[in-house]
Amino acid sequence: MKFSEAWLREWVDPAVTTRELADQLSMAGLEVDSVESVAAVFDGVVVGEVLSREQHPDADKLSVCRVNVGGGEPLQIVCGAKNVAAGMRVPVATVGALLPGDFKIRKAKLRGVESSGMICSASELGLAESSDGIMPLPEDAPVGEDFRHFLRLEDSAIDVDLTPDRGDCLGIAGIAREVGVINRCQVTPPAIDAVEAAIDDRVEVDLEADEACPRYLCRVVRDVDVNAQTPLWMQERLRRSDIRSLGPVVDVTNYVLLELGQPMHGFDLARISERIRVRMAMAGEKLILIGGQEVDLDAETLVIADADRPLALAGIMGGDDSAVNETTRHILLESAFFAPTAISGKARSYGLHTDSSHRFERGVDPQLQTKAMERATALLVEITGGRPGPIVEACNEQRIEPRPLIGLRAERINKVLGVEIDDDEVSDILDRLEMAVNRTERGWRVRAPSSRFDIAIEEDLIEEIGRIYGYTRIPAHRGHSAMEMRERPEVDFDLNRARMLLVGRDYQEVITYSFVSPEIEALIDPGKSGIRLANPISADMSVMRTSIWPGLLQTARYNQSRQQPRVRIFETGLCFFREDGKITQEPVLAGLVSGDRYPEQWGGASRAADFYDLKADVEALLSLNGRRRGFAFAPAEHAALHPGQSAAISLAGENIGLIGMLHPQIEKTLDLTGPAFVFEIKLEKLAQGRLPSFETLSKFPSIRRDIAIVVDQSVTFESIRNLIRDQSGKIVTDIILFDVYTGENIDSGRKSLALGLILQEKSHTLTDKEVEDVVAKVLNRLAEDLGAKLRD
């Protein structure tokens, strides 16, 4: 929540600086995200009065104004705004003034007419993103007064990031209460008196869903002027809270929301049929929301309806058909308490998040509605005129759960906080927090105020005492615990080593969301049905991932679109599956490579990374558990991979992962720049490794024999290597593939492989006959099993 410090200090004004106030709030559990000035730096701007306005002699879109700035002769200023008029009070930048962006005002001639200053718009003063014309000021604005002083711009906007349990602080009233408690200051809220009914008009309310809405108030206000100007002081308070002024009715309801924390809504009374019905939506109903979005309502959604149709999503957003517009003359104000469980997740299910839903999901004080209605009515009548009717209330008090009576023990406070706090100080803290407190023999019986949904057990009260007492006053003690050294099998796959290995090979670790869009999930892993979230953050993050590839591909696209063509990233995380009605999760390590193999440098020509570059990185990973020879790569197909450049990774015959080039069609769909190569490995399958063992080096020389064989294109080097090892035993210590050739003198569908066989014995020096016998047996076996021929 963002609010004006000056507004807060009208409620409670402790003798602390802005920084000290922010620190106090953070230490009390209301974390301050930022403190910033409410206006850009400028000076030399004063309140002026436009005495006259005449058309510029040589420009249709310019006018020449005489402006009184409170001293000496009126200034002649050329102005291009359409809304400037005689009699207006406006901000005037005098000659020498410095505006945001280091823009200095000087005397100038515009189309031959001298101009001694500038009549300013809100955007030119840094008070708005854009403006349609100059900024009008109230008629009683004192001419000649410094504009910053007039608007009290020496103020700070404090942005507080509240945890979900502190919905009571989503208003100036709640923040002021906290500041008052912390500083032992008196809180002085504005007087809110009951507004007498001037007419007897009323709209009856049927509370059909009283569990979801135990209290609903409404009030008719007739003959309002919806085109009246919202007072500048209210517009400024809204602006400093990042809320735009949208007209007096909406501004008043937004103001009460910020001030008291009670969301409200205004309906166009003429568009309501007969009565208000607070009910659950019916199957097949639709509603067009403010802004034009049409939603299909489900039966679990609470709506505000009239006799004919739904008017609004309760606690979330009003409907377009019943919204207040420039022709509205009579309105119906709404102030209600909606149960958090009835609103929670509903806004997100429709792809929405509003200030109203944000508050109702966290809990609004169920006793606040009448006060908010009186406050809004008084402000609305003051600004727009109008004649209010009586408040109509429909309520089922039995559905409003009272705050529980909690036992609090003095010894428990000391044990949990680790510090002894005097009983009188505990009582004082609870009293200042507006708790109902009764002393008992062992401590206190406490009931939290109706606004504090977060206080339900003894530890909640202790937390309140601790934060108000002050965490900095609680001494630090070293904890005492028994240390247990747990055994860790030496052969286990070490994920941290794997991370460091990839970082050493120029990868960067990323962390992506575990939930992705259903579209990209279906694109990457169409064979599996992702688990849908009941309350997703957004429609683009509504499915639990079954692969890490979607997150890596989106990260690659994000970097490529920001002129980072070389991407080497990896991630370790969980993937989620539904099997036999149960949700399972599987730890996975995945990576992606795109762009050049090496960064641009002078030592060699650049080359794009390919399948074998990634395969080398994966082989290095698989070697970490000492079982490199147990892994195999075999051609495989996957919907997300190029059919000619993809392989399954297996260990002892069991599939443990995939590697390959992203399918060109998916690459095009995701708007990636150039080919991307990906891998994914199931970590649980790597858990059991093998300890390395020492073998004595042979005292006898090794012998190398090179052979070139011709085999079918489908024959893999892996199968050739395994066959040679099986046939030759330990005498062949290494097999090197040093050339692959297809082309002239090689039949179509065949390829030539050049192999280097390293032969060595530990007991004696090999003779030529022994070597030739081994090579001959190998060639015969290759011919029999794989159809290999010795190349001429």
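## Exercises: buried charges and a helix crossing

In this predicted model, Arg-279 and Glu-285 pair up in a salt bridge, with 2.9 Å between their closest N and O atoms. Let's use that as a warm-up and work outward.

**Exercise 1.** Work out whether Arg-279 and Glu-285 are buried or exposed.

*Solution.* Start with the pair itself: the closest N and O atoms sit 2.9 Å apart, inside the 4 Å cut-off for a salt bridge. Next, check the surroundings: Arg-279 is buried, and Glu-285 is too.

**Exercise 2.** Find the salt-bridge partner of Arg-452, and say where the two residues sit in the chain.

*Solution.* Step one: the partner is Glu-464, with an N to O distance of 2.9 Å. Step two: this pair links distant parts of the chain, as Arg-452 is in the loop between β25 (443-447) and α13 (458-469), while Glu-464 belongs to helix α13, 12 residues apart. Step three: both Arg-452 and Glu-464 are buried.

**Exercise 3.** Show why Arg-177 and Asp-168 both count as buried, then place them in their network.

*Solution.* First, the side chains of Arg-177 and Asp-168 form a salt bridge at 3.5 Å, N to O. Now the cut-off: buried means under 20% relative accessible area. Arg-177 comes in at 17%, so Arg-177 is buried. Asp-168 has 11%, so Asp-168 is buried as well. Finally, zoom out: a network of salt bridges links Arg-166, Asp-168, Arg-177, Glu-178, Arg-452, Asp-454, Glu-464 and Arg-467. Across the whole structure, the search turns up 63 salt bridges.

**Exercise 4.** Glu-586 is buried yet has no salt bridge; find the nearest side chain of opposite charge and explain what rules it out.

*Solution.* Locate Glu-586 first: strand β31 (residues 582-594). The nearest side chain of opposite charge is Lys-682, 4.6 Å away. A salt bridge needs the nitrogen within 4 Å of a carboxyl oxygen, so a pair at this distance doesn't qualify. Lys-682 is still in contact with Glu-586, as are Gly-573, Leu-574, Cys-575 and Phe-577, leaving aside neighbours within four places in sequence.

**Exercise 5.** Describe how helices α2 and α4 are arranged, and which residues meet between them.

*Solution.* Take the axes: α2 (residues 18-27) and α4 (residues 172-183) come within 11 Å and cross at roughly 95°. The two helices are therefore roughly perpendicular. At the contact, Leu-21, Gln-24 and Leu-25 of α2 meet Ile-175, Val-179, Ile-182 and Asn-183 of α4. Sort those by class and you get 5 nonpolar, 2 polar and no charged residues.

Key. Residues numbered from 1 in each chain as written. Predicted model: local features only at pLDDT ≥ 70, side-chain atom pairs only at ≥ 80, totals over all residues. Heavy atoms only, no water. Helix = DSSP H or I, 4+ residues; strand = E, 2+ residues; numbered from the N terminus. Buried < 20%, exposed > 50% of the residue type's maximum accessible area, 1.4 Å probe, protein only. Lys, Arg positive; Asp, Glu negative; His and termini not counted. Contact = heavy atoms within 4.5 Å. Axes fitted to C-alpha atoms, helices over the stretch in contact; angles between N-to-C directions. Parallel < 35°, antiparallel > 145°, perpendicular 65-115°, else oblique. Nonpolar A, V, L, I, M, F, W, Y, C, P; charged D, E, K, R; others polar.
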